[in-house]
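Let's take a walk through this one together. Have the viewer open and rotate along as we go.

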Amino acid sequence: MTSVTPLSELRDKIDAIDKQILQLINQRACCAMEVAKTKIAQGENGTFYRPDRESLVLRRIKELNEGPLSDDTTVRFFRELMSACLALEKPLDVAFLGPEGTFTQQAAFKHFGHAVKTVPSATINEIFSSVESGNCQFGVVPVENSTEGVISHTLDRFLSSPLKICGEVEIRVHHNLMGNGESLADITEVFSHQQSLAQCRQWLDRHLPHAQRIAVNSNAEAARLVSTKIQAAAIAGQVAAELYGLNILEKNIEDESNNTTRFIIIGQQTSASTGNDKTSLVVSTGNQPGALHKILEPFARFGIGMVHIESRPSRQGLWDYVFFIDIEGHCEDEYVAQALELLKGNAHMLNILGSYPKAVL
């Protein structure tokens, strides 16, 4: 018969391990504070956050993890630990699309951890302005949804902004219908961001065909507005329902089960190569025959994978377009640098929006 370790002995062992963990966590925090002192002594006075360094640490943690905790759980734990240590060095202000409870705020916490100060902004343009002015060190903006495609406001703002893309994060989006009532029969208005209304179009057509659909700046703003109404509902995440005291009437009403939104981190710093990066570009060739081929040929020649391409009006002339392109690799990688140099000769305008680590989670 297999012997069973007494519960009291197991609890004593856990208490001893917890003590060791606490000591090691505080040792790490002390090292982080020493790092800050060294950086200041070397003349650094900006943000101490380094997206490339954080990505390398988290990927190393995944490689070292032997379980039974999953890689995702382990990475989340270490991200929060790194976030708390960074706050001891110098806390970060991160602008997001507010109010409290939006998916953009969730993306900010997923990328930076919860030890940052998240600063709500009413619009994507306001997020860019907050970072450009230095009021916030970083901003988080949505750029692409797996169901509805790109967020055009974000792409268009890069045409006039000097900011760089420093990172990316993906959020699995679950949309919930919420309100003050208990029944769908009483709902005459549905509030949400225009992207969320589009992502739930089929469900709304089927279950609330007569309700007016009203687009607002964010899902959390929709929940806040609905919190004072009786015959209205909002489409938002569960966090928004909890913040604004609303009943969830229907869960997971998104039309696509794998509905995911990609967010990018914008800031004024560049990221070093990690060996697992993306580079985002905006390119203009003018209205000429073979323009798209001239853009793509350098990437094919050097064997560089293209992740995404999107055309947008340049706002410089009728039928003149720019191309937003995501490619594999860092702009300082040998083959990427050679391809970009060749592309520069084919383009009227080439702007590297940023090279940054791929999302770890």
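A good place to start is Asp 18, which sits in helix α1, the helix that covers residues 7-41. Keep in mind that what you're looking at is a predicted model. Is Asp 18 buried or exposed, or something in between? Its relative accessible area is 43%, and since buried means under 20% and exposed means over 50%, Asp 18 counts as partly exposed. It has company, too: Glu 9, Asp 12, Asp 15 and Asp 18 come together as a patch of negative charge on the surface.

Let's zoom out for a second. The protein chain has twelve helices and 15 strands, and its C-alpha trace spans about 80 × 60 × 50 Å along the principal axes. Of its 361 residues, 45% are buried.

Now for the aromatics. The structure has six aromatic pairs. One of them joins Tyr 49 and Phe 112, with 5.2 Å from centre to centre and 50° between the planes. Pairs with planes under 30 degrees apart count as stacked and those over 60 as edge-to-face, so this one goes down as tilted. Where do the two residues sit? Tyr 49 is in the loop between α1 and α2 (51-64), while Phe 112 belongs to helix α4 (residues 103-112), so their pairing ties together parts that lie 63 residues apart in sequence. Both Tyr 49 and Phe 112 are buried.

Tyr 49 has another partner in Phe 138. Here the ring centres are 5.2 Å apart and the planes meet at 80°, which makes the pair edge-to-face. Phe 138 is in strand β3 (residues 138-145) and Tyr 49 is in that loop between α1 and α2, so this contact ties together parts that are 89 residues apart in sequence. Phe 138 is buried, just like Tyr 49. Put the two pairs together and you get one aromatic cluster made of Tyr 49, Phe 112 and Phe 138.

For a last stop, head over to Glu 242, in helix α10 (residues 238-243). With a relative accessible area of 57%, Glu 242 is exposed, because the cut-off for that label is over 50%. If you'd like a sense of distance, pick Leu 10 as well: the C-alpha atoms of Glu 242 and Leu 10 are separated by 37 Å, and the two residues are 232 residues apart along the chain.

Definitions and conventions
Residues numbered from 1 in each chain as written. Predicted model: local features only at pLDDT ≥ 70, side-chain atom pairs only at ≥ 80, totals over all residues. Heavy atoms only, no water. Patch = residues over 30% accessible without salt bridge, like charges linked within 9 Å, V, L, I, M, F, W, Y side chains within 5 Å. Areas by Shrake-Rupley, 256 points an atom, 1.4 Å probe, with all protein chains shown as cover. Salt bridge = Lys/Arg side-chain N within 4 Å of Asp/Glu carboxyl O. Lys, Arg positive; Asp, Glu negative; His and termini not counted. Charge placed at Lys NZ, Arg CZ, Asp CG, Glu CD. Helix = DSSP H or I, 4+ residues; strand = E, 2+ residues; numbered from the N terminus. Buried < 20%, exposed > 50% of the residue type's maximum accessible area, 1.4 Å probe, protein only. Phe/Tyr/Trp six-rings, centres within 6.5 Å; stacked < 30°, edge-to-face > 60°.
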